Amino acid sequence: TVAHYVEELGARDTISYMDITYVTSGCLRTLHDSGNIKQLTSIWSNQTKFNEEVETVDAIITGYKNPLNVVHQNKTILFTPTAESEPLGRSEWILFLAFFFDDEEVERAVDVFSGIKERYLCHQYAAQFQSGTKKVIAWLDSTNYPSSTYTIKDASYLTQLTTDAGAIMMTGGSYNASDPNETDAFHAALMDVDVVVDTSYYSNNDAKVLVLKDICAEYGISESQCNDKSNFNFLKNSQVIRLDGLVGPLGQDYFESAVLGADVLLEDVQAIASPLLQPNHEKTWLRNVALGEEIVEEPKSCPNSSAPTESRADGCPNYYQIRASADVSLGWSVIYGANYKHLTVEATGDTYLLYEKGTEPPNIYPEAIRFEIPLQRIAVRETVSATFIEMVNQTDKIVYMDMTYVTSPCLRVLHESGGIQQLAASGSDELVAQLQEVDALFGSRWDSDQNDDHVKTKHVVFGATADEGSRSEWVEFVSVFFNAESTGNEIFASMSENYDCLANGVRCLSTEGKTVAFISKSTWGGSTSYSISQAQYKKDLVNDAGGVNVVLADGDYGYYTDVVDLHRALANVSVVVDETYIFRGPDYLSNPTNLTDFCESFSFDDCSSISEFTFIAERQVYREDNRLSPNGNDWFESGVALKDMLLQNMIEVLNSNKSPYGLWSNTPGYNPVNNYLRNIADPEVQPYIPAVCPNPYTPRLSPAAKCAQGYATQAAEDSTPSDVNRVMFTATFATLELTELCAAAAGTDTVENPSREQFQLDYRNAVAASLNVNVDDVVVWSIEAGSVVVVTTVDLGSITPVNIALILTLPSEYITFGNDFTDQYGAASINVVKAPDAANLEECANTILAHCGDSLSGSGAQCTVYTESCGSNEDQTGNWCNGKCYAANEGDCCSKKSENNKAISDGIIAAIVVGALAAAALLSGAVYYFFCRSANEKNGAAVNSSVMSLDSVEEQKTHMHHGSGIMKGDSMVSLDRRGSMGSVADPSAPTQEV
């Protein structure tokens, strides 16, 4: 095992002697044949010769202490990565080993382990997202020593490896193979196992002859059950695995290089447990005996003995890390694999297998249409998908598009300049020729030619308009085709945040809850009918804008052939949106449908301000045609994608076409002309979008105004406050309703009826007075709906530790409000959300309070944090906690040692050479910090060795001048540079010098 770590460091040339018996490495075997590496004599067979060989080397690296090797204990380095409980912990031992070599090997070790860790965690992350039932894996062992036993292994590192591969580890203990009852119990435990991995050692050392019947016989499974008709799942599914996929003349490479190669081993296990993650992976060590997979023998070759070994890992695609997912949408789904993505359009069942350019597509999902990604040239048939493509900044990929109904100014400019060509008509030879030039055609489920041979292999169904979950989340669907998930996710998250803020703010408005109905008239087929739309997205839009959807009578489904029935259903409606299709002549843009046209179309006799219908009398009739091109309507184009703009428009409709109570401001870029709904009673509105676009290749952003921060549902700062003297907390007023505050307009409110703005000012003043800070230091990040929950940050000045400790431990006592404030707004409960170094301050609160006082002002508040360590003749006082001293004066942190302690200290110092002490202390401290930090930062890996303090790899290069100390259990290995004076950091510990 250790030999592979040495090879990985590129240090083969340092190996003088080695037991070559079970080596698989082709390079080590070649070096042995050439005499560069000699066979190490067994200490059991010839101890004298063994001693002679050991005398010529600097160190013996071994996995166990040999009791016969007492003479050379001072040269023995115990190397035990297999004792680690987690796969990455085993790999990290390369760092331990590197410190016995030079800086170059240390750098190499850092790079090797970083790569292994990155790939391992990437594959582990990918396994979390696999759908379907997880496979159950049992790792088995059969032995005849000291008695015949079957074991279902439960080693911690195997459990972790199996879990990280996306499978379930089967555990079950040991069974007496000589007892028929226990054998039956063993077989019963394995009955539903999906995969068996046989780890047994076979005494004949001839693993190449092992076939399925040999494994069955070893575990007492009859020949009649040893086939794919078996009652055992793992036999039925042909999933019987051995660890002998790669071997040498006598040894199995699994026991040599898989200990370090945690990333490759995880790929091997995933190829069996989650094959969709690794569809093209060629396994290194795991061999499927049931499928007759062959053993590979490592060839004997060594082109460059000083070169490190090359990693066998496949690597980890970038799109493992950033993924799209249909979190709200009900219309699509995606599964990610190693080099592919599998997309499904739920409404139609259409599926697409997208595989990375330059890789082989996996042989799965035979029904899926295959695309090499990222797409480079596309055609677009309908306008709905166009906005989404613009949003993810892929406009430059559009080569052909049906421009007939396009409203986008940028796409029209590109068409006029020749950047986008008109897409040919269905069934034409020209379309066949065009599709040969593109990677994909974005269309709809209604395309009549989607099953034609020249179309179906490139056709993508874009079904956002039928999605009852989230139409706008289809921006992530589009992003998947271009490897632009990061952009798609960010866009949807930004729109959703603004949408949710607007919807939350509306609940705080003094709206009248106006009733809204979307209606239309049809004369299709020569007969006239009327309808009230029941589309879910329209209902959600009205609700989230603070309106009320029209309620239909029992048995009324919103479809009428008699206009009188429609009038009856609209009796209590306040706002109407007319969606009737109207043929637009050449003069429509200058003379669009008006209120008189509407009344005539729907047979309303009285179209005046005294009409019995509220929506007519109050002039609240709208059409969805405020944004038109010569032939197109943007309601059906960007209106599908830009959900926050659509909501903002509806909120304006329900609040007399203005921003209600400061819900948003006219921020740069905001323009009411972006609204989709046009009040047809207003003759000033001219519904037209000119073809003007300064830069058509910039990403399209939502033109919606930014929601005011006071209505946000979460604090603007998502991370712990970075300033060392800032604390964030919430104040909850259970008896106060935010809607009451919003009902009063700022400037006209009274003491009995305060506005939200007045409450916020009073609150900031109260907090400032309570904490003895300036009111400008109190920032309100959000006021949430319902009972008032105020998220606040406060800058506490220079008296940080005691202030934050007090607020963390007793927030309600130190954040208080005066009687006048409480009488008006009610009492508040305080909860600290975040603070710098909060965990440390909470743990050290008693120390801080004991030595710094319990007041936010006065002398007790002058407490300072000191980090300088005490001198060699000093002891720490009780002011210390977690490596920091909390005291009014630095002199309160340390006290002189007693005479007894001083004598001991002086004795130790006198025994150490001063110059060597300085160098060794610096380096040993540096090395310790490096290893500890590395072990703490990795996920789940642990190291059984520790070393003493290093800030960075660069510092390691600078300061490793003379030596270092590596602690293993209670003993210390002192590593000294050749030609330097060694030192012992802890004379009381058993120490060996190398």
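**Exercise 1.** Does E437 count as buried, partly exposed or exposed, and at what relative accessibility? Find its salt-bridge partner and place both residues along the chain.

*Solution.* The model in view is a predicted one, and the steps below are read from that model. Begin with the accessibility of E437, which is 38%; because buried means under 20% and exposed over 50%, E437 counts as partly exposed. Next, look for the partner: the side chain of E437 meets that of R377 in a salt bridge, with 3.6 Å from N to O. This pair links distant parts of the chain, since E437 sits in the loop between α15 (429–435) and β21 (440–443), while R377 sits in the loop between β17 (369–373) and β18 (378–380), 60 residues apart. Finally, R377 has a relative accessibility of 36% and therefore counts as partly exposed.

**Exercise 2.** Describe the salt bridge between D447 and R381, and state whether its residues are buried or exposed.

*Solution.* The closest N and O atoms of D447 and R381 are 3.7 Å apart. The two residues come from distant parts of the chain, D447 from the loop between β21 and α16 (453–456) and R381 from the loop between β18 and α13 (384–391), with their positions 66 residues apart. As for accessibility, D447 is buried, and R381 is buried too.

**Exercise 3.** Work out how D634 and R627 are paired, and how accessible each of them is.

*Solution.* D634 and R627 form a salt bridge in which the closest N and O atoms are 2.8 Å apart. D634 counts as buried because its relative accessibility is 0%, and R627, with a relative accessible area of 9%, is buried as well. Elsewhere, salt bridges that share partners join D578, R623, E624, D625 and R678 into one network. A search of the whole structure finds 27 salt bridges.

**Exercise 4.** Which residues of helix α8 are buried, and where do they lie around its axis?

*Solution.* In α8, which spans residues 180–190, the buried residues are T183, F186, H187 and L190. They cover an arc of only 95° around the axis, so they lie on the same side of α8. These buried residues pack against β5 (136–143), β6 (149–152), β8 (173–176) and α10 (233–236). At the N-terminal end of α8, D179 acts as a cap, with a side-chain oxygen 2.9 Å from the backbone nitrogen of N181.

**Exercise 5.** Locate Y201 and name the surface patch residues that accompany it.

*Solution.* Y201 is found in the loop between β9 (195–198) and α9 (212–218), and its relative accessibility of 57% is why it counts as exposed. Together with Y22 and L250, Y201 makes a nonpolar surface patch of about 360 Å².

How values were computed:
Residues numbered from 1 in each chain as written. Predicted model: local features only at pLDDT ≥ 70, side-chain atom pairs only at ≥ 80, totals over all residues. Heavy atoms only, no water. Patch = residues over 30% accessible without salt bridge, like charges linked within 9 Å, V, L, I, M, F, W, Y side chains within 5 Å. Areas by Shrake-Rupley, 256 points an atom, 1.4 Å probe, with all protein chains shown as cover. Salt bridge = Lys/Arg side-chain N within 4 Å of Asp/Glu carboxyl O. Helix = DSSP H or I, 4+ residues; strand = E, 2+ residues; numbered from the N terminus. Buried < 20%, exposed > 50% of the residue type's maximum accessible area, 1.4 Å probe, protein only. Arc of directions from axis to C-beta. Contact = heavy atoms within 4.5 Å. Polar contact = N/O pair within 3.5 Å; in protein donor to acceptor, adjacent residues only side chain to side chain.
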